[in-house]
Amino acid sequence: MFGFRQWRRRRILARHAIDEATWQRVTSRLGFVARLNDDERVRLRELAILFIHAKQISAAGGLQLNEEMKLGIAVQACILVLELGIDYYDDWVEVIVYPDEFLPRREVRNEEGLIETDPLAYAGQAWLRGPVILSWADVEHAGERHGMNVVLHEFAHKLDMLNGTANGFPPLHTGMDRQSWSQVFTRAYQDLCRRVRSGEQTEIDTYATESPGEFFAVVSEAFFEMPDIVKAVYPQVYAQLAQFYRQDPASRESPREWRVK
Ligand SMILES: [Zn+2]
């Protein structure tokens with residue numbers, strides 16, 4: 001459908017083009033961009049422009065946030081919705097970036113059931129219908145270790161939250177089977193928990209064992225950062241994610257310098 005919305009988007013894209021040198025600088029260290037074909041790369045770039053335009057990306061804690069940093073965040077956020085569309089990020093507007101890990105002043109229930117201030121420092125957070133909060137120090141090192149990527153992680157939570165809390169069950173597309181999703185993810189989650197408990201080294205980051213919601217976010221990161229490994233370790237999870245994201249990153253050619261050693 002070519003409506004007003006479409007027309008506005010075309011206009012935004014025409015007015016806010018990103019020059020090639022900037023694009024190269026920002027994406028050169030992102031392995032998942034290097035795997036894309038030309039058509040996908042063009043569409044990712046367009047989505048990133050629309051994202052920057054639609055969202056309010058602001059700095060906190062004394063961070064100086066420049067356009068390239070915003071673009072870096074936008075590109076990573078948009079790889080998740082490359083085949084879903086920017087509308088998947090419609091129900092919220094704010095991205096807040098701290099220089100480093102941050103201490104959110106929020107209250108949590110402790111083990112005795114009492115309310116206390118959350119004592120943990122975070123690399124990222126995603127709030128239901130609220131902001132995504134990121135630590136720039138962690139954004140900068142995204143993808144360097146075990147397929148970990150804080151931006152992909154938090155935005156995967158955002159997709160999961162489209163139908164309520166982040167519980168590892170995002171809204172599935174027509175034709176996807178809720179029961180298969182549930183079975184596949186439960187089995188893999190339990191398997192990873194068991195392996196971690198028995199002290200096994202795991203390819204998937206152990207933070208995934210925190211909850212089914214974290215499992216979905218962590219395997220989503222890995223799906224884009226090290227798809228071959230996810231496909232080898234949990235092929236059925238990989239297949240479900242491929243259906244959900246409508247992408248098959250393991251089938252994309254892996255440029256030499258990005259091959260997992
Ligand atoms: Zn998380």
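In this predicted model, A74 makes contact with A48, F51 and I52, leaving aside residues up to four places away in sequence. A74 belongs to helix α5 and has a relative accessible area of 0%, so the residue counts as buried. Another residue to consider alongside A74 is L44: the two are 30 residues apart along the chain, and 9.4 Å separates their C-alpha atoms.

Helix α5, which spans residues 67–79, also has a place in the path of the chain between two strands. Strands β1 and β2 run parallel and are joined by four bridges; within this pairing, S58 has I96 of β2 as its bridge partner. From β1 the chain passes through α5 to reach β2, and the resulting β-α-β crossover is left-handed.

These two strands are part of an open sheet of four strands, whose order is β1-β2-β6-β5 and whose pairing is mixed. The edges are occupied by β1 (56–59) and β5 (124–126); each has a single partner strand, and therefore one side of each is left without a neighbour in the sheet. On average, and with direction ignored, neighbouring strands of this sheet are turned by 15 degrees against each other. Strands of a sheet pair through backbone hydrogen bonds, in either the parallel or the antiparallel sense. For β2 (residues 94–98) and β6 (residues 132–135) the sense is parallel, and the pairing extends over four bridges. Within it, V95 stands opposite V132 in β6. Helix α7 packs on the sheet, where it touches β2, β5 and β6, and its direction makes about 165 degrees with that of β6.

Helix α7 (residues 150–160) leads from the sheet to the metal site, for it holds both H153 and H157, which are four residues apart, or about one turn of the helix. Both histidines are buried. They bind the zinc ion through their NE2 atoms, and E214 supplies two OE donors; these protein donors lie 2.1 to 2.7 Å from the ion. Along the chain, the donors of the zinc ion follow the spacing H-x3-H-x56-E.

What arrangement do the four donor atoms around the zinc ion make? They subtend angles of 53 to 142 degrees, and the arrangement is therefore irregular. For a tetrahedral assignment, all angles would have to lie between 85 and 135 degrees. The ideal angle for four tetrahedral donors at a metal is 109.5 degrees.

Key: Residues are numbered from 1 along each chain as its sequence is written. This is a predicted model: local features need pLDDT of at least 70, side-chain atom pairs count only at pLDDT 80 or more; totals for chains, interfaces and linings use all residues. Side-chain values use heavy atoms; hydrogens and water are left out. Donors are N, O and S atoms within 2.8 Å of the metal (3.2 Å for Na, K and Ca); water is not among the atoms, so sites may look incomplete. Four donors count as tetrahedral if all angles lie between 85 and 135 degrees; four count as square planar and six as octahedral if opposite donors are over 155 degrees apart and all others between 65 and 115; anything else is irregular. Buried means under 20% relative accessible area, exposed over 50%, partly exposed in between (1.4 Å probe, protein chains only). Two strands pair if DSSP finds at least two bridges between them. Axes are lines fitted to C-alpha atoms, for helices over the stretch in contact, and angles run from 0 to 180 degrees between N-to-C directions. Contact means heavy atoms within 4.5 Å. A crossover is right-handed if, with the strands pointing away from the viewer, the path from the first strand over the helix to the second runs clockwise.
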